[in-house]
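Subject: Structure for you to look at

Hi,

Here is the structure I promised to pass on. Have a look at it first, and then read on for what I found in it.

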Amino acid sequence: MTSLWKSVWQLRCQNKVKNFIWRACKDIIPTKTKLKDRKILVEVECDICGDVETTRHMFWGCKLTVAVWQMANLKAPGLTANLPNFLNLFWCVKEAKPSQDLETFASLAWSLWNNRNAIQYGEASRTTLQIFETSRDFLNEFQSFCEVPHPPQPHGPSLWRPPPFGWYKANIDEAVFKELGHCEIRVVVRNDKGQLMGALSKLLPYPLGALEIEAKAAKIGTTFAWELGLREIILEGDSQTVMAFIANHDSGPIQSSAWARRRAARVGRNL
Ligand SMILES: [Zn+2]
């Protein structure tokens, strides 16, 4: 299972695509069926074909999805099999022989979900060709950008910066799903070379305020990095208040380091 999550985070796709694939693999995409189970929605019909909108339908049952996979020439055996969930679908595409383009699959899956959401907001569905071409162009553009030598070099305040030599950086990120009444905390820990040390996604069964969830994420992120056996940790999150609090309420090895938009608290051995 570890290699599967590694595959998700190593996709050469935009972060929003990776985050989406992560959530889909964890089966927390808010399809109409899921929203009905939580008594939030009554109707469960797919806006494109009228069938019941489940995760399975969205990504390998709907006629639009099938047409998109065909146009992209994705031929993973799992795409036609009776798969129980998205995680199995992702695994089938990843392990398919001959090998399939996992990034194309991920990017298209995100585009399909994005198209579905646009319809929810009253927009017309895009055609198979539009979804395919838009997704392909975004992916190509992103990948060509990534092929610039030394991509981790910081050129702007919002880009990830490597920690100093011998240190590790834990980036924390949160999302609140009000309609589902829960929130998600994500943690990604990398070393000074940008290599992934570990990643965590944790669902909390209640919605929190912005400050509360950042504080909770800071605690979870720090604990996770600690449990990985790492000690020189830089914690990076969005809340200046929380990061400053952590930096200012300890002594000795703790220092604070502020980015223009993000704030980081450096946590030392006596955490
Ligand atoms: Zn459908």
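A quick word on naming before anything else: helices here are DSSP runs of H or I with at least four residues, numbered from the N terminus. Please also keep in mind that this is a predicted model.

With that naming, the protein chain has 10 helices and 6 strands. Buried residues make up 30% of its 271 residues. Among contacts with a separation of 6 or more, 56% are between residues 24 or more positions apart.

Let me start with one residue. Leucine 89 sits in helix α6. Is leucine 89 buried or exposed? The cut-off for buried is 20 or more other C-beta atoms within 10 Å, and leucine 89 has 23 C-beta neighbours inside that radius, so it counts as buried. Its C-alpha atom is 8.6 Å from that of phenylalanine 59, although the two are 30 residues apart along the chain.

Phenylalanine 59 turns up again in the largest nonpolar core, which has 29 residues. The members that touch the most others there are Ile21, Phe59, Val68, Ala106, Ala109 and Leu112. At least two residues of this core come from each of α2, α4 (55-60), α5 (63-71), α6 (86-95), α7 (102-120) and α8 (128-146). The biggest contribution is from α7, with 7 residues. As for alanine 109, leaving aside residues up to four places away in sequence, it touches Ile21, Ala24 and Phe59. Another core lies apart from this one, with 19 residues, including Tyr168, Val188, Phe224 and Val242.

Next, helix α2, which spans residues 15-25. Its buried residues are Val17, Lys18, Phe20, Ile21, Arg23, Ala24 and Cys25. Just after α2 comes aspartate 27, with a positive phi of about 60°.

How do α2 and α6 meet, and at what angle do their axes cross? The two axes come within 7 Å and cross at roughly 120°. That makes α2 oblique to α6. On the α2 side, Ile21, Ala24 and Cys25 take part, and they meet Phe86, Leu87 and Phe90 of α6. By class, the residues of this contact are 6 nonpolar, no polar and no charged.

If you want a place to begin in the viewer, try Ile21: it is buried in α2, it is among the core members that touch the most others, and it takes part in the contact with α6.

Happy exploring, and best wishes!

Methods
Residues numbered from 1 in each chain as written. Predicted model: local features only at pLDDT ≥ 70, side-chain atom pairs only at ≥ 80, totals over all residues. Buried ≥ 20, exposed ≤ 12 C-beta atoms within 10 Å, placed from the backbone. Core = buried A, V, L, I, M, F, W, Y, C linked by C-beta atoms within 7 Å. Contact = placed C-beta atoms within 7 Å. Axes fitted to C-alpha atoms, helices over the stretch in contact; angles between N-to-C directions. Parallel < 35°, antiparallel > 145°, perpendicular 65-115°, else oblique. Nonpolar A, V, L, I, M, F, W, Y, C, P; charged D, E, K, R; others polar.
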